[in-house]
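Biologist: I should like to go through this structure with you, one point at a time. Please state each criterion as you use it.

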Amino acid sequence: MRKIFPAEELARDARFIRQTNEQRLSDPRGPRVAGGNASEQLAKLTPGLPNGPDRARALMHGIFVGEIQALEGAGRTCWDFEVGEDVPFALKLDMARQCWDESRHCEISVALAEHMGTELGEFAENGLLYEASCNPDPVLRLTGVNRALEGLAIDVFNTMKEFGNLAGDPVLEFCEDWMLADEVTHVKMGSDWLRRLTENDKERLEKALEFQKVVDRLFSFNGFRGEDDDSPIQLTRRFRELAGFTDDEIDEIADMSREAKAEAPS
Amino acid sequence: MPQVSVTPESFEMVFYDAAVIGEVVAEVAERLGVEEEITLEIDEKSPLGRSKVVSHDPIELWVDGGALENTQRPRQFGKARSRDTIGRLLIRILDRRSGRFDDAPPDDELELTQIAAWDVHCVGRLARLGIGGQQKRRLYQFRNRHGFTDLADAAFNQLWESSELSWSEIERISQGCRTP
């Protein structure tokens, strides 16, 4: 079986339609992100918005395909690298555990899609998560996926959990809460392995953190994810702390979001 | 078939064809028994899904480009979604003209609960005509506005399955199941 499996060849049935990053970023109306659109007037995602339930459905579908890709990515990390100094067996074991978590998340997401009236494949799939997990350097891969994208997942799950709470929807609230707990663990794995594997290699650490910033920036359109009250997806400081982020690192993501918001066309 | 005027005539940001859109609108109108001219204005800049009736007589409709979009293929025209959007607007016009909705507030004064309840009644009738559907999506929206309860689900079924309710009946059903 080949190493580093290309994103274009991921197996999907006819229900799923892939939107490339090029297509997404070249949309003159603004790229779609987090169940809304980057050109949309910012507002926190709540059931009280006129399009709140439909945005939650779209976001949940994005989470679902993200879970499939996270499963595929963690599985590839188990396979793509040989056990050695660079990739200890314990790291692979963590990735295997993550595969099990992501499998459950896929099943939970399918059940939630049914609950919210969404058909599988109803919305376009973007392959960015898996693409980040194709990085040939295991440290960069773990940083981009487990810290940037799974970090985003913490913010998204917490926002959706609050959505469920406000809507009085116990199914959504509980499901998101349980998946959120797993995501904190996944981000913590990324933080721990990043520090362990770069303990004596400052240059590699910096390269990995730079890769994380690139991925984080891709999801900061228009300040979509931030700490401001009108940010649709709320940056979740407490859970990020639990996942091994320092205050400075969280501040940096919040600043990045504010900058993106300031740069956005009015 | 009714005559349909679509504005703009050509699109820069999305891959829509005004002639195809006009055909879909005319087809839906015909199935609902609307014979007069329809004007449809599309804001292609907006990927959101808003839509509204600008005028009941003559019929003038306004929609975000996103309300006609294929959700699987961004920027591409979606026939099924368009039928749902246009069908809902036209059936609301027919409701308002029927005399059963004389006591309904103007569209821009409707509350989210009222919009959700009326939408269920509109889409249920459209589904029986073979236009649109997505019953579970509407149930989720209805539950968000009225509560995730058996009472709300029973109200949803009543709204969905009824053929011609009046505004006061829709209001009564909606109010009777709202979670305080």
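Biologist: With which residues is Ser231(A) in contact, leaving aside its neighbours within four places in sequence?

Modeller: This is a predicted model, in which local features need pLDDT of at least 70, side-chain atom pairs count only at pLDDT 80 or more, and totals for chains, interfaces and linings use all residues. Residues are numbered from 1 along each chain as its sequence is written, chains are lettered from A and ligands numbered from 1 in the order in which they are written, and side-chain values use heavy atoms, with hydrogens and water left out. Contact means heavy atoms within 4.5 Å. On that criterion, the partners of Ser231(A) are Ala43(A), Lys44(A), Gly223(A), Phe224(A) and Gly226(A).

Biologist: Why does Ser231(A) count as buried?

Modeller: Ser231(A) is found in the loop between strand E5 (225-226) and strand E6 (233-234) of chain A; strands are DSSP runs of at least two residues, and helices (H or I) of at least four, numbered from the N terminus. Buried means under 20% relative accessible area, exposed over 50%, and partly exposed in between (1.4 Å probe, protein chains only). Ser231(A) counts as buried because its relative accessibility is 1%.

Biologist: Which side chains of strand E1 (residues 4-7) of chain B are buried?

Modeller: In a regular strand the side chains alternate between the two faces of the sheet. Along E1(B), Ser5(B) and Thr7(B) point to one face and are not buried. The buried side chains, pointing to the other face, are those of Val4(B) and Val6(B).

Biologist: Which residue of E2(B) stands opposite Val6(B)?

Modeller: E1(B) pairs with strand E2 (residues 38-43) of chain B in the parallel sense over four bridges; pairing requires that DSSP find at least two bridges between the strands. Opposite Val6(B) in E2(B) stands Leu40(B).

Biologist: What area is buried between chain A and chain B?

Modeller: The contact takes 33 residues from chain A and 23 residues from chain B. Buried area is the accessible area (1.4 Å probe) that two parts lose on being put together, summed over both. Carbon and sulfur atoms give 53% of the area between these chains, and the total is about 2400 Å².

Biologist: Which residue of chain A meets Lys136(B) in a salt bridge?

Modeller: A salt bridge is a side-chain nitrogen of Lys or Arg within 4 Å of a carboxyl oxygen of Asp or Glu. The count between chain A and chain B is three. For Lys136(B), the N to O distance is 2.2 Å and the partner is Glu114(A).
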